[in-house]
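Visitor: I would like to be walked through this model slowly, one question at a time. Where shall we begin?

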Amino acid sequence: MIQKESYLKVADNSGAKDLQCIGIIGSTRKRYAYLGDLVRCSVKKAIPGGIVKKGEIVTAVIVRVRKEFRREDGSYVRFGDNAAIIIKDSDPVGTCVFGPIARELKVLSNEQVEKAFSKDAKGGRSTVDKKRISRYAGMPESDVRKLLNKIVSLAPEIV
């Protein structure tokens, strides 16, 4: 569970080391962000020659959370840190992902995105679909699927 003021580690080679969450994308009432959610962050630490500089405001996708989450098979998964990958224009800024990422991102890129963008018989979306899609802040379906697939393909280990 990531909320405002939470610190995140950066799981890519964009040059940033630490981020501080300053907002959760998708709703003004949304208090917590979970795996696969988009957050706005401020860069608190960065390496000197990196792409991202200290003090920049960036968008990131959460790939690891300390709070345990339940899988469909009944098991629980918990990571040792909160981590995110910095994105810009629906593409990851870095070219490499460090550490494991959750398998749920892969599932999100296939099943959840299809469900979120599915249309009902009248051609509109139901309220449940609007809730699912709010985490992507109105990004087109192809961009969301492409972003999550890129993150999964860059990851060395999927847990």
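Guide: We are looking at a predicted model, and a good place to begin is D89, which counts as exposed at 66% relative accessibility.

Visitor: Where does D89 lie?

Guide: D89 has a phi near 55 degrees, a positive value in a residue other than glycine. As for its place in the chain, D89 lies in the loop between β7 and β8 (91–92).

Visitor: Is E5 buried or exposed?

Guide: E5, which is not a glycine, has a positive phi of about 80 degrees, and its place is in the segment before β1. Exposed means over 50% relative accessible area. With a relative accessibility of 57%, E5 therefore counts as exposed.

Visitor: Is S42 buried or exposed?

Guide: S42 is found in strand β3, and, leaving aside its neighbours within four places in sequence, S42 is in contact with residues including D18, L19, Q20 and I22. Its relative accessible area is 10%, so S42 is buried.

Visitor: Which strand gives the most to the largest nonpolar core?

Guide: The largest nonpolar core has 23 residues, and those with the most contacts inside it are L19, V39 and C41. The strands β1 (7–10), β2 (16–24), β3 (38–46), β4 (57–64) and β7 (83–88) each supply at least two residues of this core. The strand that gives the most to this core, with four residues, is β2.

Visitor: How many residues has the other core, the one with A11 and V61?

Guide: That core lies apart from the largest one, and V97 and L148 are also among its residues. Its number of residues is 18.

How values were computed
Residues are numbered from 1 along each chain as its sequence is written. This is a predicted model: local features need pLDDT of at least 70, side-chain atom pairs count only at pLDDT 80 or more; totals for chains, interfaces and linings use all residues. Side-chain values use heavy atoms; hydrogens and water are left out. A nonpolar core is a set of buried Ala, Val, Leu, Ile, Met, Phe, Trp, Tyr and Cys residues joined through side-chain atoms within 4.5 Å. Buried means under 20% relative accessible area, exposed over 50%, partly exposed in between (1.4 Å probe, protein chains only). Contact means heavy atoms within 4.5 Å.
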